[in-house]
Each structure stands twice: as C-alpha cells, then as structure tokens.
Amino acid sequence: MILINYLKSTILSKFVMAVTGIILVLFIIGHCIGNMQLFIGRESFNSYAYFLQERIGELLWIMRIGLILSLIFHVVTSIRLKFLNLGAKPKKYEVKNYVKAKLTSRTMIWTGIMIFAFVTYHILQFTTGTIYPGDYNRTDYYTTNAMSVKKLGSDECCTKSREATAKDAIINYRGNQYETAGNHPIISERHDAYGMVIHGFRRPIVAILYIIGMILLGFHLNHAIQSAFQTLGYNNPKYFNKIVVGSTVLSTLIVLCFISLPITIIFGLVGGGV
Ligand code: HEM
C-alpha cells in the first residue's frame with residue numbers, strides 16, 4: 001500500500017527525496033570531518049580507518065546498508081520525478097523561459113548523475129581497491145607505542161624492523177602480530193589508508209577529478225538542502241532567506257573541507273613522509 005501511494009504521489013516522492021537526502025548529507029558531513037584526521041597524520045588517519053573497519057564492523061555494515069538504500073531510493077525517486085515533470089510540461093522546450101528556475105535547480109538531475117559516477121569511481125578506488133590496487137595494498141606497520149609508530153612509518157624501516165623483530169619474536173598465530181621478547185612494543189600490520197589517499201591524490205588527474213566532483217556536489221547540496229526544507233514545510237518566506245544563507249554556507253564548508261585534501265596533497269603540503 002505504501003509502495004503504491006509512493007508511486008502515485010508526487011508529494012510522497014518529494015518526501016522520500018528529502019529524508020534520504022538528509023541521511024546522505026549527514027553521512028557526507030561525518031565523512032568530511034573524519035577525513036580531516038589526515039591532517040593530523042598517518043597514525044591518526046589509519047587508526048580511524050582501522051576503527052571503522054575492524055572495531056565497529058557490524059555497525060558499519062548496518063550503516064552501509066542504510067546508506068545504499070537511501071542512495072537507491074534517492075536516485076530512483078529523482079528519475080521518477082523528472083519523468084513526471086516532463087509529462088506535466090509538454091511545452092517545456094517550445095518556450096525557453098527558465099526565469100523562475102535557477103541554474104542549480106534545472107541541473108539537479110545532471111549534477112546528481114555526475115556525483116553518482118564520481119562516487120562509483122571513488123568506491124572502486126578507495127573501498128574495493130579495483131583502481132590503483134598498488135595504492136590500496138599498502139601496509140602500515142604500527143605499534144601500540146605512538147613514539148615508535150613514526151619510526152616504523154616508512155617501508156624501508158618497516159621491513160627492517162619486522163625482520164629484526166621476527167628473530168626473537170613469539171609470532172601471534174591469530175593475526176599478523178609479532179610480539180617481541182622483553183619490553184619491545186607489539187608490532188602489527190594494518191591497511192595504510194593514509195598512504196593510499198596520499199598516493200592517490202598525488203596523481204594530478206585524480207586530484208582534478210575529485211575537485212570537480214566535489215564542486216558539483218556543492219551545487220547539488222546547496223539546492224537540495226533548500227528544497228528539502230520546502231518539502232518538509234519550512235517554506236515561510238520569513239525564514240526562507242535564512243535557509244538559503246544556511247545551505248550556501250554549509251555546502252561551501254563541505255566543499256572546502258573535502259577539496260582541502262587533494263589541494264594540499266598535490267602541492268606537497270601534506271604526506272611528505274610516504
Ligand atoms: C577528499 C575527498 C575524499 C576522501 C579522501 C575520501 C576517502 C574515503 C576513503 C578512504 C574511503 C574508504 C573507507 C573504508 O573503506 O575504510 C571512502 C569511502 C567512501 N566515501 Fe569517501 N572520500 C572523499 C570524498 C567523498 C565524497 C565527496 C563522497 C560522497 C559524495 C564520498 C563517499 C564515500 C562513500 C559512499 C564511501 C563508502 C563508505 C563505506 O562503504 O564504508 N567520499 N572515502
């Protein structure tokens with residue numbers, strides 16, 4: 001019944017767009033803040049990635065499923081609404097009068113498609129490692145002692161440390177851990193997400209692709225946040241100006257937050273050690 005209503009009703013479809021859009025925006029804000037750990041350093045970024053992957057494994061999958069469902073509903077509903085709009089305005093192309101529709105509003109479907117393509121590329125690069133597997137398969141050797149982590153950071157020193165450690169080590173059969181005799185720290189291996197991102201963005205073509213993708217995301221978000229508020233009933237002109245300012249500030253901050261990474265990496269300001 002709900003599904004039939006959803007298929008018939010434009011209002012319900014817009015509601016689905018707004019709610020799924022809000023979920024996606026919350027994810028984007030969280031992801032962006034999480035990425036800022038890269039500026040703190042390799043240890044911080046890799047611990048964060050390790051925490052997400054290994055420590056909250058099941059919760060991560062629940063979040064992923066929620067995210068995928070939101071994305072699917074968001075995309076399918078947007079296409080459906082686009083077709084409904086085309087059907088309702090058969091003379092659209094005869095009179096090219098777009099005065100009321102702002103550029104961002106008319107281009108939502110196109111920025112949406114490009115963002116979808118960008119996210120697909122992004123997942124193939126950073127989540128599955130299909131693109132640039134060499135970057136993805138990098139290993140970070142770390143210890144529980146933060147001072148030593150830095151020393152063990154580069155590949156050259158890590159190989160040596162691992163050999164030296166292995167000589168008098170009790171090898172931990174449960175994982176890739178080498179427990180040394182005496183007071184030495186425990187050395188483990190984990191995915192080098194930091195190295196993967198740094199090496200990824202050192203390629204100018206990748207950095208440029210991301211910058212373009214994230215600027216498009218900014219335009220898309222700016223209009224999306226405003227229209228979500230309208231759909232949810234906050235369309236009083238008294239507040240609407242504030243919503244426009246708020247959404248513009250928020251989407252600009254999100255774009256700046258994301259693009260700060262490829263820009264600082266490509267100019268060599270971050271990631272010199274890897
Ligand atoms: C500087 C920009 C970005 C960086 C450095 C970055 C980094 C990453 C990394 C390292 C992962 C893999 C996480 C893991 O599997 O442990 C990831 C996953 C992901 N990113 Fe980004 N990201 C960026 C921008 C974006 C943007 C703009 C979006 C959305 C529009 C986005 C959406 C996603 C999604 C959907 C996943 C998969 C989440 C999951 O399955 O766990 N990312 N990102």
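Biologist: What percentage of the contacts in the chain with a separation of 6 or more comes from residues 24 or more positions apart?

Modeller: This is a predicted model, in which local features need pLDDT of at least 70 and side-chain atom pairs count only at pLDDT 80 or more, while totals for chains, interfaces and linings use all residues. Residues are numbered from 1 along each chain as its sequence is written. Two residues are in contact if their C-beta atoms, placed from the backbone, lie within 7 Å. Of the contacts in the chain with a separation of 6 or more, the share from residues 24 or more positions apart is 71%.

Biologist: How many residues of helix α11 are buried?

Modeller: Helices (H or I, at least four residues) and strands (E, at least two) are DSSP runs, numbered from the N terminus; the chain has 13 helices and four strands. A residue is buried if 20 or more other C-beta atoms, placed from the backbone, lie within 10 Å of its own, exposed if 12 or fewer, and partly exposed in between. Buried residues form 23% of the 274 residues in the chain. Helix α11 spans residues 193–201, nine in number, and its buried count is eight.

Biologist: Which element gives the largest share of the largest nonpolar core?

Modeller: A nonpolar core is a set of buried Ala, Val, Leu, Ile, Met, Phe, Trp, Tyr and Cys residues joined through C-beta atoms within 7 Å. The largest has 26 residues, of which L38, A193, Y194, V197, F201 and L217 touch the most other members. Two or more residues come from each of α4, α11, α12 and α13. The largest share, nine residues, belongs to α12.

Biologist: Which element gives the most residues to the shell around the ligand?

Modeller: The shell holds 21 residues, each with its C-beta atom, placed from the backbone, within 6 Å of the ligand; R64, F126, T127, F258 and L261 are the closest. Elements giving two or more residues are α2 (10–35), α4 (42–55), α7 (108–127), α11, α12 (204–231) and α13 (237–266). With six residues, the greatest contributor is α7.

Biologist: Why does C32 count as partly exposed, in terms of its C-beta neighbours inside 10 Å?

Modeller: C32 is located in helix α2. Leaving aside neighbours within four places in sequence, C32 is in contact with I254, C257 and F258. The C-alpha atoms of C32 and F258 are 6.1 Å apart, although 226 residues separate them along the chain. C32 counts as partly exposed because its number of C-beta neighbours inside 10 Å is 18.
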